[in-house]
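The following exercises concern helix packing, residue environments and backbone geometry. Each task is followed by a solution in steps.

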Amino acid sequence: MWPVAPKGPARIARRHVRTAAHPDVIVRPPTGGEEAVSTSGRHNGVVTEIAHGTPTQVRPPALEAPDALLADLERHRVELTAYSYRMLGSSFEAEDAVQETFIRAWRAIDRFEGRSSLRSWLYKIATNVCLDMLGASQRRARPVDLNPAGTADGPLDGGLPESAWVEPVPDGRVLPTAGDPAEVAVARESVRLAFVAALQNLPPRQRAVLILREVLHWKAEEVAELLGSTVASVNSALQRARATLGSRDLSGDAPEMPLNDKQQALLDRYVRAFETYDMSALTSLLKDDAEWSMPPYELWLQTHDDIVRWCLGPGIGCRDSRLIPTSANGMPAFGQYKPDPAGGWAPWSLQVVELEPDASAVRAITFFLDTERFFPLFGLPPHVD
């Protein structure tokens, strides 16, 4: 059975951390229409503001209490971000999708007649936004999904663009901070990197069906209404999606958060081994077939020998690194800073560490090297002195 989801900034008007390729766009709610499109002409344009309107605008009666409406929308931000993240595999695109969803909801609120709940209506809009965004997108993946494990002696590839990779997401953006423990556990499991990467193998509508049925536990009738389809079609899509993912190990066996004492002790030993660059101590913590990957590079390593030779060869600059704890995708994570020749430590990678549930070993470590994008997203400092 697969996994649901909610925390994010306290208001809709906010600035995302983006690269120059994604300029800020200011969008103000118009006075009518079913759904909005950002002024950039694309759904993943960055939305930095939803204003309350100007005195010259004619607003529908439902918008006469805009603060209350904004609060109603904001209550659904985290779960909608989680849903969009599972659909899109990108933390930045997921936030853009939710902003676009709120804009469309704002524009069409005068047409919302309450035949369904506000939550269901927002999910319908979010699904349409995600399906639009996926129309021209390639499938995102992890390095371990693309090629067999390489060796430390092999040449380092030139790397793939950011759109090729499943991105990490801060727990606070996609996971509820309270609620039924079983539902929280399912929510955590459903944003694991492996699960999100597996979802990318499904056609977009099958992906939506699987998430809504298996993760969010919607009824087939509800999903059919949301997609404008039939129950038979939804059930057929779910069956095909299950068959596609059937050979993948997506069982809910991730360790609980917060970590228990044994799991925390394992993580503390990992931090000491990495910061002191003690290769014997480090490899003693890794599974024999642990996955060691470094997006945006396709190369990934698996044997202890290759990992050690990489660390003492191409990766020697990571000696004497410092790790700052955070969390990503329902798992422990660290901002890694390597020694800066100018003094202190400079950002090098966001490490997402996957532990065996019984705390017997570290199962996988993914080093996301695009610190310019990810460190601000995770609230990590730009430098350590």
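Helices and strands are DSSP runs, with at least four residues for a helix and at least two for a strand, and they are numbered from the N terminus. The model is a predicted one.

**Exercise 1. State the confidence of the model, for the chain and for its N-terminal stretch.**

Step 1. The mean pLDDT of the chain is 83, and 79% of the residues reach 70 or more.

Step 2. Across residues 1-63, the pLDDT is below 50. This stretch nevertheless has 172 contacts in the model beyond near neighbours in sequence.

**Exercise 2. Classify the packing of H3 against H4, and describe the contact between them.**

Step 1. Helix H3 covers residues 91-108 and helix H4 covers residues 118-134. Their axes are 9 Å apart and form an angle of about 125 degrees.

Step 2. Angles of 65 to 115 degrees count as roughly perpendicular and those over 145 as roughly antiparallel. H3 and H4 are therefore oblique to each other.

Step 3. The handedness of the H3 and H4 crossing is right-handed.

Step 4. On the H3 side, the contact involves Glu-93, Ala-97, Glu-100, Thr-101, Arg-104, Ala-105 and Ala-108. On the H4 side, the residues include Trp-121, Leu-122, Ile-125 and Val-129.

Step 5. By class, the residues of the contact of H3 with H4 are ten nonpolar, two polar and four charged.

**Exercise 3. Carry out the corresponding analysis for H2 and H4.**

Step 1. The axes of H2 and H4 are 10 Å apart, at an angle of about 30 degrees.

Step 2. Angles under 35 degrees count as roughly parallel. H2 and H4 are therefore roughly parallel to each other.

Step 3. The crossing of H2 and H4 is right-handed.

Step 4. H2 contributes Glu-79, Leu-80, Tyr-83, Ser-84, Met-87 and Leu-88 to the contact. Among the H4 residues that take part are Arg-119, Leu-122, Ala-126, Cys-130 and Leu-134.

Step 5. The contact of H2 with H4 comprises eleven nonpolar, two polar and two charged residues.

**Exercise 4. Determine whether Val-129 is buried or exposed, and identify its contacts.**

Step 1. Val-129 is placed in helix H4.

Step 2. Buried means under 20% relative accessible area. Val-129, at 0% relative accessibility, therefore counts as buried.

Step 3. Not counting residues up to four places away in sequence, Val-129 touches Ala-97, Glu-100, Thr-101 and Arg-104. These four partners are listed among the H3 residues that meet H4.

Step 4. Val-129 and Gln-99 are 30 residues apart along the chain, and their C-alpha atoms are separated by 10.0 Å.

**Exercise 5. Describe the environments of the loop residues Ser-90 and Arg-142.**

Step 1. Ser-90 belongs to the loop between helix H2 (77-88) and H3. Its relative accessible area is 1%, so Ser-90 is buried.

Step 2. Leaving aside neighbours within four places in sequence, Ser-90 is in contact with Tyr-85, Arg-140 and Glu-167. Pro-168 is 78 residues from Ser-90 in sequence, with a C-alpha to C-alpha separation of 7.4 Å.

Step 3. Arg-142 is in the loop between H4 and helix H5 (143-146). Because its relative accessibility is 19%, Arg-142 counts as buried.

Step 4. With neighbours within four places in sequence set aside, Arg-142 is in contact with Trp-165, Leu-193, Ala-194, Ala-197 and Glu-291.

**Exercise 6. Describe the packing of H9 and H10, and then the loop residue His-217 between them.**

Step 1. Helix H9 (residues 204-215) and helix H10 (residues 220-227) pack at about 145 degrees, with their axes 10 Å apart. Their crossing is right-handed.

Step 2. Arg-205, Val-209, Leu-212 and Arg-213 of H9 meet Ala-220, Val-223, Leu-226 and Leu-227 of H10. The contact has six nonpolar, no polar and two charged residues.

Step 3. His-217 lies in the loop between H9 and H10. At 44% relative accessibility, His-217 counts as partly exposed.

**Exercise 7. Explain why certain backbone values deserve attention, and locate them.**

Step 1. Most residues other than glycine have a negative phi, and most peptide bonds are trans.

Step 2. His-217, although not a glycine, has a positive phi of about 60 degrees.

Step 3. Asn-329 also has a positive phi, near 55 degrees. Asn-329 is in the loop between strand E5 (322-328) and strand E6 (331-339), and it is buried, with a relative accessible area of 0%.

Step 4. Pro-295 and Pro-296 are joined by a cis peptide bond with omega of about 20 degrees. Pro-296 is in the loop between strand E3 (286-293) and strand E4 (300-301).

Notes:
Residues numbered from 1 in each chain as written. Predicted model: local features only at pLDDT ≥ 70, side-chain atom pairs only at ≥ 80, totals over all residues. Heavy atoms only, no water. Axes fitted to C-alpha atoms, helices over the stretch in contact; angles between N-to-C directions. Left-handed = near helix turned anticlockwise from the far one by under 90°. Contact = heavy atoms within 4.5 Å. Nonpolar A, V, L, I, M, F, W, Y, C, P; charged D, E, K, R; others polar. pLDDT = per-residue confidence, 0-100. Buried < 20%, exposed > 50% of the residue type's maximum accessible area, 1.4 Å probe, protein only.
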